[in-house]
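Here's a quick briefing on the model below. Have it open while you read.

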Amino acid sequence: MTTRDLVALLVEYGRLHSVESLVDATPYLEELARAVGERPVRSVTARELHDIHEQVCTRPAVRPLLELVEKKSQRWELAYSQRARGVVPTLQWESPRPVRALVALFDRPDFRPRRVLELGCGDGVNAVFMASKGCRVTAIDVSRTALEMGREKARAAKVKVDFVEGDVFTLDLGRKPFDFVFDRGMFHHVQVFHHEDYKHLVAEHLTPGGYFHLICHHVSTRPTMLLDCMCGSIGKLLGFLAGTLVETGAGFTSDDLHEVFSDRFRIDSTDLVWDDNNRPLCFISALMQRTS
Ligand SMILES: C[S@@+](CC[C@H](N)C(=O)[O-])C[C@H]1O[C@@H](n2cnc3c(N)ncnc32)[C@H](O)[C@@H]1O
């Protein structure tokens, strides 16, 4: 199926069923069809979507789509503040203990990072674990309440973590590189047209040869396809625009991660891991080393 056919289908579906996010995204979808219309959907890469996004994102017609992205980013503080006030007993992704794949990495005798950056650290459970292993940890999150929870955990564990509030894409993280970057659960919420920015952000804050450990949803957990041909980057973009992936984030295959990261990282391993808290969810735990 070509991108043009698929866009036409989605726009029509959105119009007939009054799907607000699709109606709002119609000008964006039409730009997409103009740029890569005749190409099979599966062939369009995250890098191309990034370039298209850069060209169209300043146009007033795509403003509603950008507002959808903005709204999504604000929901994190709401979720953590509801958790802090006891409105919800727990958050879906919350874990009382550090994630097994990270603990296993620290069990390796050859793995001894000193300066660590954690992206989207949430309530700090993994940041506190790494600090307890002797690392100097900078842990970033957009949610003030999540960071308060992290500070409380660090106090209880008697370790020091530098918790920083802000958006990883706009914060100034300084020039001194880290020798390990960790992300559990943030990357799969990054819009596909920002995957390139995310990759460069990680690479630019990591020493050459430094490790990057990414834990993100596997595609089976968050299917980004309506048809087989729709997995890949376009599937993620359309899944978000159609609303199905707004709350949950996208899912990835090992090939997807190679497509996004392999020009700046050597991907040492991509393992399928089950959710630590016995939810029926499958994740990819990927260990990469910066090459350029
Ligand atoms: C699914 S939660 C995972 C939290 C934590 N890593 C864990 O494993 O419990 C995603 C986290 O990423 C944070 N986040 C999302 N986008 C972000 C951004 N652009 N900059 C900083 N933090 C972000 C959210 O506030 C949230 O805490």
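H6 is a good place to start: what covers its buried residues includes H5, strand S1 (115–119), strand S2 (136–141), helix H7 (144–157), strand S3 (161–165) and strand S4 (178–184). Contact here means heavy atoms within 4.5 Å, and helices (H or I, at least four residues) and strands (E, at least two) are DSSP runs, numbered from the N terminus. This is a predicted model, where local features need pLDDT of at least 70 and side-chain atom pairs count only at pLDDT 80 or more, while totals for chains, interfaces and linings use all residues. Residues are numbered from 1 along each chain as its sequence is written, and side-chain values use heavy atoms, with hydrogens and water left out.

**Helix H6**
- Of the 8 residues in H6 (residues 125–132), 7 are buried (under 20% relative accessible area, 1.4 Å probe, protein chains only).
- Among them are Val128, Phe129 and Met130.
- Just after H6, glycine 134 has a positive phi of about 95°.

**Nonpolar cores**
- The largest nonpolar core (buried Ala, Val, Leu, Ile, Met, Phe, Trp, Tyr and Cys joined through side-chain atoms within 4.5 Å) has 60 residues.
- Its largest share, 7 residues, comes from helix H2 (residues 20–36).
- Tyr198, Phe212, Leu241 and Phe261 have the most contacts inside this core.
- Phenylalanine 212 touches residues including Tyr198, Phe261 and Met288.
- A second, separate core of 27 residues includes Phe106, Val128, Ala131 and Val161.

**Glutamate 94**
- Glutamate 94 sits in the loop between helix H4 (63–84) and helix H5 (100–107).
- Leaving aside residues up to four places away in sequence, glutamate 94 touches Arg83, Asp123 and Asn277.

Terms used: Buried < 20%, exposed > 50% of the residue type's maximum accessible area, 1.4 Å probe, protein only.
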